[in-house]
Amino acid sequence: MAFEDDHSDYNALDDDAFRQLVRRFLAKHHPPELRHPAKRLHWHEAKPWYMLLSRAGWLAPAWPREHGGMGLPAAKHLIYLDEFETFGAARTPDHGIILLGPLLINFGSDEQKLQFLPRILSGEDIWCQGYSEPDAGSDLASLRTEAVLDGDEWVVNGQKIWTTLAGDADWIFCLVRTDKSGKKQDGISFLLIPMGTPGITVKPIVNIEMDDEFCEVFFDDVRVPKGNIVGKINQGWSMAKALLGFERIFLGSPRQASNALAKLRRLGEFYGLTKDIAFVGRYAAFQMDLDDHQCLFGQVADQLRQGRALGPEVSLLKLNQSNLYQRITEYGLEIMGSDAGLLHPLDGNRDLAMAGQFLNARAATIYGGTSQVQKNILAKTLLGLT
Ligand SMILES: Cc1cc2nc3c(=O)[nH]c(=O)nc-3n(C[C@H](O)[C@H](O)[C@H](O)COP(=O)(O)OP(=O)(O)OC[C@H]3O[C@@H](n4cnc5c(N)ncnc54)[C@H](O)[C@@H]3O)c2cc1C
C-alpha cells in the first residue's frame, strides 16, 4: 500500500502541518472497526493496524531514525499521541516498541540491536514484560525467579504474574535473580526468553472487564542461551529502573486522559449538556488540568531526548495522568446516569462509551508502579522526607 501522506522529514513540517498530517493519516488508514476499543486488543485483533503502521514507518514515533523510528522531538511526539488518542486509535501490543526498544537502543549490544529491533518493527516478534511476581510487585527487587548458568545456557525456574498479553507474545523480557549472595538489587539480570521454549506455561487471568488480558507465566527448567542477557550479569536492576522510567514516561503521557476528555465532550453533546453550567465548568477544569499535564510531559520528554537522566518528575507524570484519567472517567459515568453500566457504545456509536474506560482507569494507578509508590518516590526525592 502506498502512503501518499508519507513524509520522510517530519521535522521539516511545522507543528500545525504535522497535526494535519497525523489527522489525515488516521482518517484514511485506521480500521474503523478498531476505533475506541472497549478493552485492550489481542494481537490477532490489532495485527492489521500494527502492520499498517509498520509499513508506513509510523510504529515507533520516539525511536531514532537510524533504528527505524520516526525520530520525533517532544512537541511532535505529543501531537502524535494527542491525535491518536482523540481519534480513538487502537493500542497495539506495544511492549517491544515502548519498553524493550528504548532499552536495547540504550544498553543492548550491536548484535542485539540488529537481531531484535527490526523484528519488533516488522511485527515478527511481539514482546511481553516479565517483571512482577506473586510476592514482588511494588517491592520488585525481592523477585525470586532464578537463572542459573549451566555451560552456555541459563536454566530458569520461577513464576511471573500480571504479564500483559503473555499469551500473544513471541518473547518475554524478564528480570531474573542470578546471584543471591549480596544486596537483593545487585543480583538481578535482564534476560530475553523466547516464549516457545520448552518449560514455559502461560495461564490467563480474567480481569475486572472479564477479559483475559494478563497472565501468569511459569518457568520450569527453561534453557536460554547465555548471550540473551542484556547488559552485564547482575546489573539488570539499573537497566530495569531506566526501563521503568521509559514506562512511566509513556504511562504519564496525556494520551489516556486526552482520549477520555474527547469522549466526555461527545457524551456532553449527546446528553445536551454543552450549555449546562455545571458540565461546562467541570469540562473546562479538566481541560486546564490536561493542558498543565501536557506542558509537564513536553518538558520531561524533551529532557529524555537531550540525553539527560530522568529524575523523579516521571513519577509525577505517571501519578498526575492516572489520577486525571480516573477523575474524567468517573465524571463521564456520572453524567451518563442510568446508561453508566453499559459496556457497549450508546446508539452503536463507538465515540459514546465510558464504562470500559472507567474500569480500565482503575488499573492505571496500579500498573507501572502504584500511586502510593510514586508518592513515596516523590516524598523522598523531591520533598526530602525519609
Ligand atoms: C492491568 C495491569 C497490567 C500489568 N501488566 C504487567 C506486565 O505486563 N508485566 C509485569 O511485570 N507486571 C504487570 N503488572 C503488575 C504491576 O506492575 C503490579 O501490579 C504493581 O507493580 C503492583 O504490585 P502488586 O500488584 O504486587 O501490589 P503490591 O506491591 O502487593 O501492593 C499492594 C498495595 O500496597 C501498596 N504498597 C505496596 N508497597 C507500598 C509502600 N512501600 N508504601 C505504600 N504503599 C505500598 C500498593 O500501592 C498497593 O496499593 C500489571 C498490573 C496491572 C493492573
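This passage looks at salt bridges and at how exposed their partners are.

In this predicted model, the count of salt bridges comes to 18. Three of them are described here, each with its place in the chain.

A good place to start is the pair formed by arginine 19 and glutamate 83, whose side chains meet with an N to O distance of 2.6 Å. This salt bridge links distant parts of the chain, since arginine 19 belongs to helix α1 (residues 15–29) and glutamate 83 to helix α3 (residues 74–87), 64 residues apart. Glutamate 83 counts as buried because its relative accessibility is 6%, under the 20% limit. Arginine 19, with a relative accessible area of 21%, is partly exposed. The two residues also belong to one network, in which salt bridges with shared partners join Arg19, Arg23, Asp82 and Glu83.

A second salt bridge is found between glutamate 146 and lysine 180, where the closest N and O atoms are 2.9 Å apart. Glutamate 146 sits in strand β2 (residues 146–150), while lysine 180 is in the loop between β4 (171–177) and β5 (188–194), so the pair ties together parts 34 residues apart in sequence. Lysine 180 is exposed at 60% relative accessibility, whereas glutamate 146 is partly exposed at 26%.

The third example joins the side chains of glutamate 330 and arginine 362 (3.1 Å, N to O). Here the link runs between helix α9 (residues 313–336), which holds glutamate 330, and helix α10 (residues 355–364), which holds arginine 362; the two residues are 32 residues apart. Glutamate 330 is partly exposed, with a relative accessible area of 35%, and arginine 362 is partly exposed with 26%.

Technical notes
Residues numbered from 1 in each chain as written. Predicted model: local features only at pLDDT ≥ 70, side-chain atom pairs only at ≥ 80, totals over all residues. Heavy atoms only, no water. Salt bridge = Lys/Arg side-chain N within 4 Å of Asp/Glu carboxyl O. Helix = DSSP H or I, 4+ residues; strand = E, 2+ residues; numbered from the N terminus. Buried < 20%, exposed > 50% of the residue type's maximum accessible area, 1.4 Å probe, protein only.
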